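User: Please take a close look at the surroundings of the ligand in this structure. I should like a connected account of that site, set in the context of the whole chain.

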Amino acid sequence: LRANVPNSMRGRALHVGGALWRAFADLATVVRTGHPMPSLATGSTGFEEMQRDPARLHAFQLSMAESSRRAAADVIAAYDFGRFAHVMDVGGGYGALLAAILEAFPKLQGTVLDLPYLSAGAGEYLANSGSAKRARFVSGDFFRAVPVGADCYLLKFIIHDWDDERSLQILNNCRIAAGANGVVAIVERIVPDHVIQSNAHCEVIRGDLTMMAYGGTERTEAQYRELLAKAGLRLSAIAHTTGVFSIIEARAERS
Ligand SMILES: C[S@@+](CC[C@H](N)C(=O)[O-])C[C@H]1O[C@@H](n2cnc3c(N)ncnc32)[C@H](O)[C@@H]1O
């Protein structure tokens, strides 16, 4: 790759031209068998696989950081993070979205929660961001627990990675951590009820095919509403960005 291409774009090229390309090559087998691509080969999830391959993990995380960096301005314009004191980016990867939000809101504190394998990479990314003093990384497993202490639990490109059963475990843990007054803010591409021929809809459907290959799924607004209700959460607002992402805000159901 050319020397003047930023690292995050190199990561994106390596991820798209490597693992993602192979996933699409196996799409027909995924459809025939109903099993996602990584488990077809090894029986383990894509994230477990990446743990064993640091170069692939780094390319994937740089690719995610590039996607988050590009989406950040739209997300920040559509949703007011300034009303919170502490945002926790759950499964935040290297923390690119959180770093951009912290730069936009100078009083905000932030935490990236992700698996221990990202401690060094995320630590370095955050240390080089403009908001290093207000950002930290904590390692943990969102299927087991999500730490308390934030008033906004941000989930970008997390729920679409998992089926309903696994998604409910993550959402339940976020609801417990957020308590009665916190919010859960899901940043995803919502599948439209009626798909038309447009670039935006094409991107959502391409995303859905990708997630199908990996064992996840994109969802409609009704599907998010139903999933949140099962996790004891109420969909309180949806902010649509001018790009493909929406922010689905949820709060604990009042008992
Ligand atoms: C598709 S990436 C999204 C990264 C980031 N939110 C973004 O959009 O740029 C999913 C993230 O979930 C993390 N993850 C997967 N399983 C996890 C677990 N059990 N606990 C915490 N994080 C996990 C992965 O390491 C990865 O960083």
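Analyst: Helices (H or I, at least four residues) and strands (E, at least two) are DSSP runs, numbered from the N terminus. With that convention, helix H5 (residues 54-78) supplies the largest share of the shell around the ligand, 4 residues. The model is a predicted one, in which local features need pLDDT of at least 70 and side-chain atom pairs count only at pLDDT 80 or more, while totals for chains, interfaces and linings use all residues. Residues are numbered from 1 along each chain as its sequence is written, and side-chain values use heavy atoms, with hydrogens and water left out.

In total, 20 residues surround the ligand, the closest being Ser68, Asp114, Tyr117, Asp141 and Lys156; a residue is counted as near if one of its heavy atoms lies within 4 Å of the molecule. By class, this shell holds 10 nonpolar, 6 polar and 4 charged residues, where Ala, Val, Leu, Ile, Met, Phe, Trp, Tyr, Cys and Pro count as nonpolar, Asp, Glu, Lys and Arg as charged, and the others, Gly among them, as polar.

Several of the closest residues place polar atoms beside the ligand. In the side chain of Ser68, an N or O atom is 2.7 Å from an oxygen atom of the ligand. A polar side-chain atom of Asp114 lies 2.6 Å from a ligand oxygen atom. Lys156 instead presents a polar backbone atom, 2.8 Å from a nitrogen atom of the ligand. The protein covers 96% of the 590 Å² of accessible area that the ligand has on its own, by the Shrake-Rupley method with a 1.4 Å probe.

Lys156 leads on to Phe157, which is found in the loop between strand S4 (152-156) and helix H8 (164-178). Phe157 has a positive phi of about 55 degrees although it is not a glycine. Most residues other than glycine have a negative phi. At 11% relative accessibility, Phe157 counts as buried, that is, under 20% relative accessible area (exposed is over 50%, partly exposed in between; 1.4 Å probe, protein chains only).

As for the whole chain, its secondary structure comes to 10 helices and 7 strands. The radius of gyration, taken over C-alpha atoms, is 18 Å, close to the 18 Å from the globule rule (2.2 Å times the number of residues to the power 0.38) for 255 residues, so the chain is as compact as a globular protein of that length. Of these 255 residues, 49% count as buried.

Notes: A polar contact is a pair of N or O atoms within 3.5 Å; within protein, one must be able to donate a hydrogen and the other to accept it, and residues adjacent in sequence count only if both atoms are side-chain atoms.
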